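Reader: I am new to this structure and should like to see how its terms are applied. Please show it first.

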Amino acid sequence: MRSFVDLSHDFLKPVLHYQAICVDATLGNGLDSRFFLSQKVKKVIAFEVQQEAIDKSNIQDTHFEVHLMGHEHMDEVIHQEVDAMIFNFGYCPGLDESIHTNVNTSLEAVKKGLALLKKKGRMALVFYPHDQGQQEAQEIESYLMSLNSNQYMILKTKLMNRKSPYLVGIEKIR
Ligand SMILES: C[S@@+](CC[C@H](N)C(=O)[O-])C[C@H]1O[C@@H](n2cnc3c(N)ncnc32)[C@H](O)[C@@H]1O
């Protein structure tokens, strides 16, 4: 079976094209940004709070811009509609595990991300089932469940017989 990282990329692929504006809200090791760039999109805007992660991911590409700032401030630097956005919650494998996404800032960022998404745009959220991650997932999911189903279609892909990461995919209908 494909990994949840691959499944999140599969979910976003249909909205990627040479004019697409993409956001990687949690750069980490840069797998998601590299995926967007591999699809020859127009621009990838990434956010990360650790300079070490930005240095380690080491992405040199004229279509890539990275901001050393929390994704909860994304509206300060993104002034255009977005085709695709991804959040990979938690800590960066290989770096300090005490630096991770947090429920309040993550929820704020998801709300801002949905506002920036264009019609037919998609957002992928990959959640991890550790303690802190569970609270984050619960709060974000309960917010998502409150959204108007005429405005957003939201799917959840989860393994039923194992604790594993899982994917929530959102498409903005209107
Ligand atoms: C699970 S990792 C991301 C994995 C990454 N997408 C990849 O492909 O390797 C989560 C990252 O989010 C970063 N992070 C934590 N809080 C953040 C925030 N408020 N804004 C942006 N990034 C944040 C962490 O430093 C960490 O590198």
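Reader: What makes the pair formed by a backbone N or O atom of Asn 29 and an oxygen atom of the ligand a polar contact?

Author: The two atoms lie 2.8 Å apart. A polar contact is a pair of N or O atoms within 3.5 Å; within protein, one must be able to donate a hydrogen and the other to accept it, and residues adjacent in sequence count only if both atoms are side-chain atoms. The Asn 29 pair therefore qualifies.

Reader: On what basis are such values given?

Author: This is a predicted model, in which local features need pLDDT of at least 70 and side-chain atom pairs pLDDT 80 or more, while totals for chains, interfaces and linings use all residues. Residues are numbered from 1 along each chain as its sequence is written, and side-chain values use heavy atoms, leaving out hydrogens and water.

Reader: Which polar side-chain atom lies 2.5 Å from an oxygen atom of the ligand?

Author: That atom belongs to Glu 48, and a polar side-chain atom of Gln 50 lies 2.9 Å from a ligand oxygen.

Reader: Why is the pair of Lys 43 and Glu 65 called a salt bridge?

Author: The term requires a side-chain nitrogen of Lys or Arg within 4 Å of a carboxyl oxygen of Asp or Glu. Here the N to O distance is 3.8 Å, so the pair meets the rule. Lys 43 lies in strand 2 and Glu 65 in strand 3 (residues 64–68; strands are DSSP runs of E, at least two residues, numbered from the N terminus), so the pair ties together parts 22 residues apart in sequence. By this rule the count is seven salt bridges.

Terms used: Helix = DSSP H or I, 4+ residues; strand = E, 2+ residues; numbered from the N terminus.
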